[in-house]
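Hello,

Here is the structure I said I would pass on. Please open it first, then read my notes below.

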Amino acid sequence: MKPLKTLDEFIIDRQHDFPHATGELSTLLGSIKLAAQIVNREINKAGLADILGSHGRTNVQGEEQQKLDLFANETFKAAMEARDQICGIASEEEDEIVIFDSPRSRRAKYVVAMDPLDGSSNIDVNVSVGTIFSIYRRLSKPGTIPILEDFLQPGERQVAAGYILYGSSTMLVYSTGNGVHGFTYDPSIGVFCLSHEQIRIPKQGKIYSINEGNYLHFPEGVKRYIKYCQEIVPEEGRPYTSRYIGSLVADIHRNLLKGGLFLYPSSSPYPRGKLRLLYECNPMAFLAEQAGGRATDGERRILEIPPESLHQRSPFFAGSGSMVKMLENYLFSSE
Ligand code: AHM
Ligand code: MG
C-alpha cells in the first residue's frame, strides 16, 4: 500500500514553503478545505434537493447566477472570515471587494480572489465544476481597511493558488510556489488524501481544448493553430485530440495530468476574452507554470499582466510548454 498522508499533514510538513510561515497557510487552506467539503456535499445532492436551477438574479457581468453559485460564495466567505487570516476577498459573485471588518480580520495579511463555483451552468447536467482561489499578501498596512489595490496585483505576486474539482471524485490541487500537489477527497472519512504529489505537466501533449463553435470569430493565428492541430502528421502525434468540457477547472486539470493546451481566445462576442484575469486566469497560470508549463494572453505572460479592474477579462492560453510556444509562433506569424 502507498504511504497515506492527509492534506493537513502535508501542509504542516511543507509549512516552510510558505513565505513568512507562521502556521497561517495551514489555517488559511483549512478554511478553503472546510468550505470545499460543504460545497461538495451540496453539489453531490444537487439533483435530489430543490437546489437546482436559477436564482433569478444576475451578477456584475450580467450572467444568471445559479443557486449553488450563491451558496458556494457564502460558504467560502464564511469559512475565510471566521479564521482571521484574510482581511477581504474578491469574488466572481461580488461586484466589489468584500471587507472582513472585525479588528482581528483587519490585522490579517492576506487577501483572496476566488471564483466560488466556476462552470456552474454544468451542474444541471451533472458535469464537473470547480472552485478557484488565488492568495496575495496585501499591499496596505495590516490593521487598516484593505483597499482595491491589494487585489489588483500581477499574478506573479500570488503566494498560493489552487482549485477544487468537483468531478467523478473531488480533488483539491494547490501550489505555494514550490510545485503543484493534488489531494483526493474520501467522503466516507471526510479527509483529503495526498494522491498527486509534485504534478508535472508533460512538455508536449496531444490534446487541444477550445470551444470550436466560435471558430469563425477567432483571431487568424488561432484559426491556423487549430488547423495545425488537425493536420495528419502521425510521426508528430497529429491530429491531436480535441477535448473541451466547458468547465475551466476540469479542462485544466485534465491537461495538467495528461499534457495539452487550453485556449480561450478573444472573439467578437468576447473581444477581451471571456475568462477573468484575477480569479480564473492568474491562479490557473500560476499552477500551469508551477507544474512546468506556460500561460499567456497571446502577447504577455499572464502572470505579468498588471490588473486594472476586479472583473477584467483576458484571452487565455495555458498548458504544455512546447504547445504554448508553437501556438505563439502561429499568433505572431502572418501565414
Ligand atoms: P463562469 O465563470 O460563468 O462559469 O464561466 C467560465 C466558464 C469556464 O469554466 C469555461 O472554461 C468557460 O466558461 C466556457 O465558456 P464557453 O461556454 O463560452 O466555452
Ligand atoms: Mg468562472
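The donor residues of the magnesium ion (ligand 2) follow the sequence spacing E-x22-D-x2-D-x161-E. Bear in mind throughout that this is a predicted model.

**Metal site**

The protein donors are E92 (OE), D115 (OD), D118 (OD) and E280 (OE). They lie 1.9 to 2.4 Å from the magnesium ion (ligand 2). The pair D118 and E280 links distant parts of the chain. D118 is in strand β5 (residues 110-118), and E280 is in helix α7 (residues 277-290). They are 162 residues apart.

Are these two donors buried or exposed? D118 has 8% relative accessibility, so it counts as buried. E280 is at 0%, so it counts as buried too. The cut-off for buried is under 20% relative accessible area.

**Helix α7**

The helix that carries E280 is worth a look in its own right. Twelve of its 14 residues are buried, so α7 is largely enclosed by the rest of the structure. The buried run begins with L277, L278, Y279 and E280. Then come C281, N282, P283 and M284. A285, F286, L287 and A288 complete the list. After α7 comes G292, with a positive phi near 100°.

**Backbone points to check**

Most residues other than glycine have a negative phi, and most peptide bonds are trans. Three places in this model depart from that pattern, and they are listed here.

- Which peptide bond is cis? The one from R238 to P239, with omega near 5°. P239 sits in the loop between α5 (220-230) and β12 (241-242).
- N126 is not a glycine, yet its phi is positive, about 60°. The residue lies in the loop between β5 and β6 (129-137). Its relative accessibility is 74%, so N126 counts as exposed.
- Q198 is another residue other than glycine with a positive phi, near 55°. Its place is the loop between β10 (191-196) and β11 (207-209). Q198 has a relative accessible area of 38%, so it is partly exposed.

**Where to start**

I would begin at the magnesium ion (ligand 2) and its donors E92, D115, D118 and E280. From E280, follow α7 (residues 277-290). Then turn to the cis bond from R238 to P239, and to the positive phi values at N126 and Q198.

Best wishes

Key: Residues numbered from 1 in each chain as written. Chains lettered and ligands numbered in written order. Predicted model: local features only at pLDDT ≥ 70, side-chain atom pairs only at ≥ 80, totals over all residues. Heavy atoms only, no water. Donors = N, O, S within 2.8 Å, 3.2 Å for Na, K, Ca; no water. Helix = DSSP H or I, 4+ residues; strand = E, 2+ residues; numbered from the N terminus. Buried < 20%, exposed > 50% of the residue type's maximum accessible area, 1.4 Å probe, protein only.
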